[in-house]
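This briefing introduces a structure to a reader who has not met it before. The sequence and the model come first, and notes grouped by topic follow.

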Amino acid sequence: MWKILVVDDELIMRESLAAWLMEDGYTVDTAASGQEGVELAKKTEYTIYFVDLKMPGIDGIETMTQIHKLHPDAAVIIITAFATVDTAITAMKEGAQEYVVKPCSPQEISLIVERIIHLENLERENKILRKKLNDRYTFHDIISKNPKMHELFALVNDVASLKSTVLIQGESGTGKDLIAKAIHQSSDRSEQRYVAISCAALAETLLESELFGHERGAFTGAVNQSKGKFETADGGTLFLDEIGGISPKLQVDLLRVLQERSFYRVGGSKEVSVNVRVIAATNADLMTAVRDGSFREDLYYRLNVINIHIPPLRDRLEDIPLLVRHFIERISFELGKSVSGVTDGAIARLMNHQWPGNVRELENSIERAIVTCHDGVLTEESLSFLDGDQGEEEGAMIPGDMSLADLELRAIKATLGRTSGNVKEAASILGIDRSTLYDKLKRYNLRR
Amino acid sequence: METIAECIENIIGAPVHMLEDLDEPMEAFVEKRNQWDSSVILRALIDMAPPDALRVLGVTSRDLCVPVLTFVFGQAQLDGLVSIISTARLKPEFYGLSASPDLTLERACKESIHELGHTFGLVHCGDRSCAMSLSTHVGDVDIKKAEFCRGCRSFLRDRVTAALADESRPGREKQL
Ligand SMILES: Nc1ncnc2c1ncn2[C@@H]1O[C@H](COP(=O)(O)OP(=O)(O)O)[C@@H](O)[C@H]1O
Ligand SMILES: [Mg+2]
Ligand SMILES: [Zn+2]
Ligand SMILES: [Zn+2]
């Protein structure tokens, strides 16, 4: 039902306009002053506002300005008994949709109202259409129209409520976190806790106590008993991210929990039983790690009961336009910048890029482009920073006198440059643990 | 007038009684526009409505307007008691054409059932051939028929039946 507000200090004016609009089937409210109109607009969002220009107290222009603050897209029609070119221009400049002089012809009013309602209808249809499109390509916030990804979504649905361990593999930034959350949300544990921990972020002993908790006095500083992630996640899901680099001792501990569904807190002697669904993720090739002996084979098979492999973004280029539109909408809203679209050239440029950092890199690039965008449209120029990677490829040509260490140093520097110094991101792009990267930074005397 | 009455009995389905001719109240005259304010006349019609009247329709040859609009063909109290139409702008003479009493009468019938439709709660209809479609120009009046579309008709039938059955004759307390 469309609602209209008529604001006019003259009773007969607002009543006669309201009566006439009601015969047209609209719900009409009236206000005798600008203040009263603004108060009503706070409670209800009207489709159209008719506002008289000359009123005691706040005038029509000011009333319109305040209504626009509340509802930026509101259609305001300024009505006045005194037609001058100046007031008309002011009204339109201040954002009035239309400007009419009373008494006005019935035809004029009916055309104006019809046009606005028609636009409003289109807008609504578009919103519904966009939502439908989005729904079709969206699975728990994961956007994709790639067939492999859709198979993967179906798999997630099928296995969500099983208790089996899931191993998610995929390059950094492909959406492993998102898939893990989607599994939890589609499962019968969705009301229970979802606990995530990145195994690369912590040193071995710290990680051990983070996972299993510790008893009072288990080590220096352990003044209180503490619960670990396995206990916190009891009944729910535990997401072990970046599992690839955990120490041999932790691999044994983990294997034990997965087999026995119970463990000891660090420094404890009482067995703790838990009911936890474990999801693990890695961007490393675990099979290779098994072959070279750095990852236990038995643990690998324990984790890999259900395997989900997320394809890299460069293998699903059709997702780029969808993702770009999604990120523009979200990020421009978050940043309060109005970006209405993206040129075909820019999309082509984005589809030509290799995306070693996958969707995360795409997301960061869109953010960067939006920040520097000035005319509301993302163009190839606003993405010119991507050209850097072509230069980098040239730079990757190795001069004859370069050592492996030099090359490594160069790779680290370039990657840190690309992630604006974000070590976690750089580590996952480089395919190494965060702690390993920290070691290297120290060794090469690099500062973040 | 007889033709209009007959048309109303046929289309609305309620008996019509004709009252003595009345003069428009002078307070309805808007001197600087040389027109008559239809809201003021409607108010006078409420005051003189016979107690047993279901609805009241005024027919005048005066040029009608409301404060916010340059003219109206007619006006009604939505879901109310009274309504009015003007033949002033329904006459071809008004547009410099030769007089045609038949055409004027046909248009008056359409506008009469339109305004009465409003008093029974009908609002404007998107069907251009339905009597409830909005006319802001005589051309619009000529496009529509002197009858309602199916949707409007069934809505109206229910409302008229209910109104005829209800002895209390509500709607009188409604203010304009
Ligand atoms: N298919 C997708 N649709 C929408 N956003 C995505 C998609 N894949 C990844 N993202 C976004 O990219 C970023 C990285 O995703 P994440 O799940 O953390 O990747 P990973 O864990 O594989 O490194 C996040 O901000 C995430 O929201
Ligand atoms: Mg991740
Ligand atoms: Zn009407
Ligand atoms: Zn109809």
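B:Met18 is partly exposed, with 45% of relative accessible area. The model is a predicted one. The notes begin with the surroundings of B:Met18, move to a strand of chain A, and end with salt bridges in both chains.

**A nonpolar patch on chain B**

- B:Met18 sits in the loop that runs between α1 (2–12) and β1 (29–30) of chain B.
- Together with B:Met1 and B:Val59, B:Met18 makes a nonpolar surface patch of about 260 Å².
- B:Met18 can belong to such a patch because its relative accessible area is 45%, and patch residues need over 30%.

**Strand β4 of chain A and its neighbours**

- Strand β4 of chain A spans residues 75–80 and is mostly covered, as six of its six residues are buried.
- The cover applies to both faces of β4(A). On one side A:Ala75, A:Ile77 and A:Ile79 are buried, and on the other side A:Val76, A:Ile78 and A:Thr80 are buried.
- Strand β3 of chain A (residues 48–52) runs parallel to β4(A), and five bridges join the two.
- A:Asp52 has A:Ile79 as its bridge partner in β4(A).
- Strand β5 of chain A (residues 98–101) also pairs with β4(A) in the parallel sense, over four bridges.
- In β5(A), the residue opposite A:Ile79 is A:Val100.
- A:Ile79 therefore has a partner in each of two strands: A:Asp52 on one hand and A:Val100 in β5(A) on the other.
- A right-handed β-α-β unit is made by β3(A), helix α3 of chain A (residues 60–70) and β4(A).

**Salt bridges: the total and a pair in chain A**

- Over all chains, the whole structure holds 22 salt bridges.
- One of them joins A:Glu363 and A:Arg330, whose closest N and O atoms are 2.8 Å apart.
- A:Glu363 belongs to helix α15 (residues 358–371) and A:Arg330 to helix α13 (residues 319–335), so this salt bridge ties together parts of chain A that are 33 residues apart in sequence.
- Both partners are partly exposed: A:Glu363 has a relative accessible area of 23%, and A:Arg330 has one of 30%.

**Salt bridges around helix α3 of chain B**

- B:Glu106 and B:Lys110 form a salt bridge, with 3.4 Å between the closest N and O atoms.
- These two residues are four residues apart in helix α3 (residues 101–119) of chain B, which means that about one helical turn separates them.
- B:Lys110 is buried at 3% relative accessibility, whereas B:Glu106 is partly exposed at 43%.
- B:Asp142 and B:Arg107 also meet through their side chains in a salt bridge, at 2.8 Å from N to O.
- This second pair links distant parts of the chain, with B:Asp142 in helix α4 (residues 138–143) of chain B and B:Arg107 in helix α3 of chain B, 35 residues apart.
- B:Arg107 is buried, with a relative accessible area of 7%, while B:Asp142 is partly exposed at 35%.

**A salt-bridge network in chain A**

- A:Asp8, A:Asp52 and A:Lys102 are joined into one network by salt bridges that share partners.
- A:Asp52 thus appears in two settings, as a member of this network and as the bridge partner of A:Ile79 in β4(A).

Note on methods. Residues are numbered from 1 along each chain as its sequence is written. Chains are lettered from A and ligands numbered from 1 in the order in which they are written. This is a predicted model: local features need pLDDT of at least 70, side-chain atom pairs count only at pLDDT 80 or more; totals for chains, interfaces and linings use all residues. Side-chain values use heavy atoms; hydrogens and water are left out. A salt bridge is a side-chain nitrogen of Lys or Arg within 4 Å of a carboxyl oxygen of Asp or Glu. Buried means under 20% relative accessible area, exposed over 50%, partly exposed in between (1.4 Å probe, protein chains only). Patches are made of residues with over 30% relative accessible area and no salt bridge: like charges are joined within 9 Å, nonpolar side chains (Val, Leu, Ile, Met, Phe, Trp, Tyr) within 5 Å. Accessible areas come from the Shrake-Rupley method with a 1.4 Å probe; for residues, only the protein chains shown count as cover. Two strands pair if DSSP finds at least two bridges between them. A crossover is right-handed if, with the strands pointing away from the viewer, the path from the first strand over the helix to the second runs clockwise.
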